Structures are given as structure tokens and as C-alpha cells.
Amino acid sequence: MKRSRVAIIGAGPAGCVAALALHKLGHEVEVYEKGRFPRYRVGESLLPGTLSILNRLGLQEKIDAADFVKKPSATFLWGQDQSPWTFSFATPKTAPWVFGHAIQVKREKFDKLLLDEVRARGVSVHEGTTVTDVDTSAPDRVSLTMRQGDAVRVVESHFVIDAGGVGSPLARQLKVRRYDEFYKSFAVWSYFKRKEPFDGDLKGTTYSITFEDGWAWMIPLKGDVYSVGLVVDRSKSSEVKERGPERFYRETLAKATRAMEILGDAEIIDEIRIVHDWSYDSERFSADRYFLCGDAACFTDPLFSQGVHLATQSGVSAASAIDRITRNEDEAEAVHQWYNRSYRDTYEQYHEFLASFYTFASFTEPESEFWLKRRISESHDDRLSHKQWFNSLVQDATENLTAPVTDFRDRASTMIAIGRHQRKELSDEFSENELNVARVRWVSDLTKQLNRITRLKWTGDKILLKRYYKVEPLSFRLEQKWVLTNENGLDMIKYPVEEEHREIFQIVTKEAVSYKSLIRQLNDTGKQEVSSQIVIRLMEAGLLTGYDKNDNRVFIQDRLRFDGVGDEYEI
């Protein structure tokens, strides 16, 4: 078997997961970290998909032993005078690595646990080592210049993964970072001593709470500690300078009355911290012999706690990509195309999800600079012109003769309705089971709409298969699969298919095929668990359109997608 030497910059979750995956795949790895562990980091709230990755990397026993706070959900007091709603993580355990909960962690302990495991498996780790330059000009190797104390040395490897966070040396050197004009915010936060206020299904949940100037996060950590942060518009930075961080924090937090109700008389037990660098992505995430992962590549917004998951998922993807290129050098360009697309798709998925919830809240909170700036309200918004999801939204709204902002707000409204509590205030009487009625109603309404379809139309003249890559869930190898596409390049990459499935869809181009008939045929090929999802995804991708018995188009509202929750993990 061919092996590669891989240098990893940064020993956070992205770097450690990449190292563990590469080691599992049989490659030589060295990790270079400028700091020394344990070290402080914010970003304490995780998603179930991260646990799934760590489970498959063999860390379950150590995660359990660390006794982190169990996180069953995320709960939102989202919009003035709105009832609470909960985004539950409950899901069928369709595989041993599918989780219906996440964890709340102190990053000092969590990150050190990962790094200790990297060392324990024989990977060389160099702390206190700053990478100052990365030379990617050679076609078959990369050279890293690094400083450790007064000593400077150069090392060579076949590939480099930059997981160096916001201060990524390679992203800065390549000048590929693009700051987002939509999420122009900053965060100020500290920690309170506060015993968990609930014993029932809200125990361990993360709270996100809107108020006039922005929103607050509240994360319960081990030892009766709450992380409490405020996300406000960047224009408020002048007030921080005038009043000082502590006064600004206390006075702004006081405006978040529903957060203060949860905190009660809790006292601050730590310093006030601020982070200004915010939402950004990269023109490209990989090329030649380098890969950007985690915060080195992109960051959206902390509202749904997706930062660590995006880091760990990209770490696995980069490791799988390097392994594939090592074994199949002629596929290098195709593998980079896969990495860039899959990473950007996930990033944009989060970006769209967050923007929808900001838009919803902007209509319920008092008008303020923060909320007015975060409302999607026009067909032309220069801040979002390079976002594929926004361009698709505008196109869909034009075709459906609806206003983009109305359609977009409704997507968030639908999800909020599914998780809406039966009580106006937070209560220990809340049960996750009380959300089942709304879930069943939503599924029933969607099924009725789909069953109205008596004729499906394929976009284009041809139904084709094309090669795409998927990461195998247990081996972490990147394998080639077939996905559906047309002659114009429209495709649906979520669910791999085979020739027999293409032939089923080919019938759509020749005769009237109803939704029910198509589902039956897909079920007969063994796709029972995902047949309806395949059709829905094809409709969302613009490849299928449905019509009822009167030949009127049947519109199916696009769903807000959020990777890392449920049982459809991308990695």
C-alpha cells in the first residue's frame, strides 16, 4: 500500500481528527501546534454528528469517561413574545454510530483529550511550534518553515493540512479568505456559577435568546458553570471602547431579560472575553498538495453550534481525500473538486439555515441595527451575491411567483412550529414527546402534497449517471459512487444510485409516472428507507417537477438542511 507523509498545522478538533483518520488509513502524520495544551477555547456546544465521528475513530470510551454534560437539544427563545421552541436531537438509532444527543464541553479538557489520543496512537506532536511559511510550489511535496523557541527548521511532507484556526498561516499566505458582509457581528462572553435549572428534558440544553441588540447564548457546563455570550452588531464595538468590556457586557446582558430570568442572581466567575473575527469562507479549500480545514477554511456564526462539527467533518474529508490521491494519483483533480464542493455545500447549508432564522426573528424583535441588517428582504442583495443558496432562493421565488423573503421566512417558521412548546414560558413540564404531534402533522402534510403528484417531469433531455465520491462510514476511505445528473450539469449528490435506478427515472421521460408509482419502483430495488428522500432531493435540485391531476404544478417547500443532526450524517 502507498503511504504519504502528512504535516498538520494546528492541534484543535480539525487537526486531531484529521490526524486520527490519516493514522487509521495507514499514513505517516506529524502535528505542529503553536500553543501548549491545555489551552482555552470558546465553542463548547457540540452536535451529535461530532460524536458519531469520534465514535467511529474509537474514542467512545474516553468521551464517556470524561462525563461531559449531555446535550439533548437546542432550545430557542427566538423572537419577542414567542413561545420557546426546541430543536430536538432525538432520532432513530439506525446505526451504532448514530446519536440522539450531543455534549457540552470545556474545550480545554475536550481538546486535550483528543490530542492525548493522537499521541497515544503514535503520532508525533510538536507543541510550542509556530509554522511561519508553507511552500506549496513543488508538484510532489510541500515544505514547512517553523520556529520552536529560537530554533528554525524546514520539514518536507507529501501533503499539508492547515487546521490552524482563524490565524491560519496558509490561508493568509494564499490570500483566499473572504469575509462575509451579512454576518458582521462580534461576540462578548463570560462564565457564571449557576446550577442547572431543569431536571427534565430541558436538562443540558443550549439556549439561544433574542433581544433588541442581538442574541444571547447560554451553555451549561460541568461543575454548575454556564457559558453566557452576546452576539451583537459590529457597530457596537465603539461602545465597548467607551464603556469598557465589563460594563458593556453587563449592561447589554441586562437587556436580554429572558436570559436574565434563567441566570437569576448568578455571579460572574471569569473574565470578559471578546472575539471580532467573524463569518468568512475561502475562495478555495484545497488544491495541489494542501487542504484547509475547520476555522482555517471558514466560519459562519455560532447560533447552531456547528463550528466543531464542521471542523471534525472537514478533518475526516481531508484525510480521506489525501488517502484517495495517494492510492490514485490520476484522480487528484477530481478529488479536489469533490472536497471543495462538499465543503462549500455544507458551509452554505449552515449559512442559509442561519439566515432564515435571523430573518424570522427580524420580524418579531423591535427594529434595531442588528435585526434590520440580518433580514433577507430583496431579490438583489450584494452581500449575498456569491452565495449559491441565495441565488437559488431568488430563482425559486421567481418561478413560484412568491416574494423571496416570504418563502425564506416560512422555512424557519415551519421548523419552529414543529418544535414549539405548549407553554409560553420555559418549564420542567416540557417533554420531548410533546413535539411528536407537530412532527406527525408536518410529515402527513408533506406526504399529502407528494401524493397529489400524478405526473413527474425530468429537467432536460437526458437522465445520466456521473461519478462522485462518498466517504465510507467505518473505513473512512473515499470511494467512487454514481449519482444522477442531466446533460446540463444539474445533479443530486446526496444519495448514490445505480444503473437500475437511472432506468426507473428514465421512464419519467416517456410516460406519466405518479409519485406513488415511482416510490413503489424504487422500493422494489431495496431503497425503501430513502426512496422518498431521493425524490424530494431531486425536486430540490431542480431535476424533477411534479404536477397534479389537473396538470397544475405541485410546489414542495424546500427544507432547511442542517448536517450533523438526525441520522443522515454527511460523514
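Good morning. I shall begin with one residue pair: Ile-9 stands opposite Tyr-32, a residue of strand S2. Please keep in mind throughout that this is a predicted model.

That pair belongs to a longer contact. Strand S1, residues 5–9, and strand S2, residues 28–32, pair in the parallel sense over 5 bridges. As background, strands of a sheet pair through backbone hydrogen bonds, and they do so either parallel or antiparallel. What do S1 and S2 make together with helix H1? With helix H1, residues 13–24, the two strands make a right-handed β-α-β unit.

S1 has another partner as well. It pairs with strand S11, residues 159–162, again in the parallel sense, over 4 bridges. Within S11, Val-160 is the bridge partner of Ala-7. How many of the 5 residues of S1 are buried? The number is 4, so S1 is largely enclosed by the rest of the structure.

Let me move to another sheet, later in the chain. Here 3 strands form an open sheet in the order S22-S26-S27, with antiparallel pairing. Which strands lie at the edges? They are S22, residues 455–458, and S27, residues 553–554, each of which pairs on one side only. S22 is joined to S26, residues 544–547, by 4 bridges, and these two strands run antiparallel. Within S26, Thr-545 is the residue that Lys-457 stands opposite. A further contact concerns Arg-455 and Tyr-547: the charged end of Arg-455 sits over the ring of Tyr-547, at 4.4 Å from the ring centre. A comparable arrangement involves Arg-374, which lies over the face of Phe-370, 3.8 Å from the centre of that ring.

I turn now to contacts between aromatic rings. A search of the whole structure finds 34 aromatic pairs, and I shall present two examples. A pair of this kind is described by the distance of the centres and the angle of the planes. In the pair of Phe-76 and Trp-85, the ring centres are 4.6 Å apart and the planes meet at 15°; an angle under 30 degrees counts as stacked, and therefore this pair is stacked. Both Phe-76 and Trp-85 are buried.

The other example is Phe-304 with Phe-353. This pair is edge-to-face, with 4.7 Å from centre to centre and 85° between the planes. Where in the chain do Phe-304 and Phe-353 lie? Phe-304 is in the loop between strand S21 (290–292) and helix H9 (307–327), whereas Phe-353 is in helix H10, residues 332–362. The pair thus links distant parts of the chain, the two residues being 49 residues apart. Phe-304 has a relative accessible area of 4% and is buried. Phe-353, at 1%, is buried too.

Finally, the cysteines. How many disulfides does the count give? The count comes to 0 disulfides. Take Cys-293, which is in no disulfide: the nearest cysteine sulfur is that of Cys-298, 9.6 Å away. Why is there no bond from Cys-298 to Cys-293? The sulfur of Cys-293 is the closest cysteine sulfur to that of Cys-298, yet at 9.6 Å it is too far for a bond, because a disulfide requires sulfur atoms within 2.5 Å. Are these two residues buried or exposed? Cys-293 is buried, with a relative accessible area of 1%, and Cys-298 also counts as buried, at 1% relative accessibility.

Thank you for your attention.

Conventions
Residues are numbered from 1 along each chain as its sequence is written. This is a predicted model: local features need pLDDT of at least 70, side-chain atom pairs count only at pLDDT 80 or more; totals for chains, interfaces and linings use all residues. Side-chain values use heavy atoms; hydrogens and water are left out. Buried means under 20% relative accessible area, exposed over 50%, partly exposed in between (1.4 Å probe, protein chains only). Two strands pair if DSSP finds at least two bridges between them. A crossover is right-handed if, with the strands pointing away from the viewer, the path from the first strand over the helix to the second runs clockwise. Rings of Phe, Tyr and Trp (its six-membered ring) pair if their centres lie within 6.5 Å; planes under 30 degrees apart count as stacked, over 60 as edge-to-face and the rest as tilted. A charge sits over a ring if NZ of Lys or CZ of Arg is within 6 Å of the ring centre and within 35 degrees of the ring normal.
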